[in-house]
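Here is a short set of exercises to work through with the model open beside you. Try each task on your own before you read its solution.

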Amino acid sequence: MTALTIGTVFVAVYLAAFHAPTARHQPFGIVASAPVAARTELALSDAQPDAYTFHRYPSTAAAREAITHDQVPAALVAHGHEMVLLAAGAQGPSTISTLDAAASRAAGHPVQIEDVVPLASGDARGLSVFYASFGVVLAGFLFAVASYQIAPRLALAARVASMTVFAAASGIMVALIGHQALGALPASFTTVAAVVGLLAMATATAAGVLMRLCGPVGMPVASVVLLIFGNATSGGILPPSFLPPWLFPLSQIMPPAAAVRALRGASYFHGAHSAGGLVVLASWTLGCLAIQYALDFRASRRLVTAAP
């Protein structure tokens, strides 16, 4: 029954999120005269109401700067009667093809695309960050399950030490494979190792807390929260702006989403969102450890009270 429930939730969440994704308030840049920009915005809004949030830039250079710092994924630039779509290929082919189709509809003809932030040669589809994140979340969940099954009453200090070793090993392993061997994660080795290590730590501590709080159903609850909702809202497949409204808020607070933002920003966008992602991961880790400490303290007080 548990397996069926988890499978049902997985299918429901992923199909709801990705069966027909449409943008909601997706940032979109425009470089054009005021009349042309207004007509373009109207055409895009008529085709898909509430799909885009428009940002007008005074020059092509300003639009490029915004794209390379992940303020907008693309900008439509009018050169007389010609239109060019400046785009960050590092946002992933699915995102860029969607924006290209929208720009072509607005222009009334296909537009030329200029990739100003191309993907690394080892990351042809832009999914390496998502795969790395998914794998580490799965490993962190399994580590927590195994450690609590093997040593359910392990002292918190020893548990933190074991999780720290696991997190450090995870970060180094992913950096060696993704950065060093394959060139799929173009951020620096140290950055990849640090972000992945924090993700592993946050996942392991969160799974541990959920198993402590929820008892026998802790493992399925942790798998639903971290593996299903966490990975579905990570932004690794499509940007969070393509998620349905009931899932979007999770993309701002879940550990996988924070890690994807930090890794992608460090890899392609001059570190954009990296600091915020690290803060989210550190907050999950420290918050879960504080809860673990409180639970251990309460349990020890109970034992003292119950002692003759």
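Two strands count as paired if DSSP finds at least two bridges between them. Keep in mind that this is a predicted model.

**Exercise 1. Get an overview of the chain**

Task: Find how many helices and strands the protein chain has, and what share of its residues is buried.

Solution:
- Step 1. Start with the elements: the protein chain has 10 helices and 5 strands.
- Step 2. Next, look at the extent of the chain; its C-alpha atoms fill a box of roughly 90 × 40 × 30 Å along the principal axes.
- Step 3. Turn to burial: of the 308 residues, 46% are buried.
- Step 4. Finish with contacts between residues at least 6 apart in sequence, where 70% join residues at least 24 apart.

**Exercise 2. Put the strands in order**

Task: Work out in which order the strands lie in the sheet, and which strands stand at the edges.

Solution:
- Step 1. Walk across the open sheet, and you meet its 5 strands in the order β2-β1-β3-β4-β5, with mixed pairing.
- Step 2. At the edges stand β2 (52-56) and β5 (112-115); each has a single partner strand, so one side of each lacks a neighbour in the sheet.
- Step 3. From one strand to the next, the twist averages 25 degrees.

**Exercise 3. Follow β1 and its partners**

Task: Describe how β1 pairs with β2 and with β3.

Solution:
- Step 1. Recall that strands of a sheet pair through backbone hydrogen bonds, either parallel or antiparallel.
- Step 2. β1 (residues 26-31) pairs with β2 in the parallel sense, over 5 bridges. Within this pairing, Thr 53 is the bridge partner of Pro 27, and Tyr 52 is that of Gln 26.
- Step 3. To get from β1 to β2, the chain passes through α2, making a right-handed β-α-β crossover.
- Step 4. β1 also runs parallel to β3, joined by 3 bridges. Here Gly 29 has Ala 75 of β3 as its bridge partner.
- Step 5. Check the cover on β1: 5 of its 6 residues are buried.

**Exercise 4. Place two helices on the sheet**

Task: Identify which strands helix α2 lies across and which strands helix α4 touches.

Solution:
- Step 1. Helix α2 (residues 34-47) lies across β1, β2, β3 (74-79) and β4 (82-87), and runs at about 170 degrees to β2.
- Step 2. Helix α4 (residues 93-107) packs on the sheet and touches β1, β2, β3, β4 and β5. The direction of α4 makes about 165 degrees with that of β4.

**Exercise 5. Compare two loop residues**

Task: Decide whether Asp 50 and Asp 70 are each buried or exposed.

Solution:
- Step 1. Locate them: Asp 50 is in the loop between α2 and β2, while Asp 70 is in the loop between α3 (60-68) and β3.
- Step 2. Look at the backbone. Asp 50 has a positive phi of about 65 degrees although it is not a glycine, and phi of Asp 70, also positive, is near 60 degrees.
- Step 3. Apply the cut-offs: buried means under 20% relative accessible area, exposed over 50%. Asp 50, at 57%, therefore counts as exposed, whereas Asp 70, at 19%, counts as buried.

**Exercise 6. Trace a side-chain contact**

Task: Find which backbone oxygen the side chain of His 19 reaches.

Solution:
- Step 1. His 19 sits in the loop between α1 (2-18) and β1.
- Step 2. Its relative accessibility is 60%, so His 19 counts as exposed.
- Step 3. The side chain of His 19 reaches the backbone oxygen of Leu 15 at 2.6 Å.

Methods. Residues are numbered from 1 along each chain as its sequence is written. This is a predicted model: local features need pLDDT of at least 70, side-chain atom pairs count only at pLDDT 80 or more; totals for chains, interfaces and linings use all residues. Side-chain values use heavy atoms; hydrogens and water are left out. Helices (H or I, at least four residues) and strands (E, at least two) are DSSP runs, numbered from the N terminus. Axes are lines fitted to C-alpha atoms, for helices over the stretch in contact, and angles run from 0 to 180 degrees between N-to-C directions. Contact means heavy atoms within 4.5 Å. Buried means under 20% relative accessible area, exposed over 50%, partly exposed in between (1.4 Å probe, protein chains only). A polar contact is a pair of N or O atoms within 3.5 Å; within protein, one must be able to donate a hydrogen and the other to accept it, and residues adjacent in sequence count only if both atoms are side-chain atoms. A crossover is right-handed if, with the strands pointing away from the viewer, the path from the first strand over the helix to the second runs clockwise.
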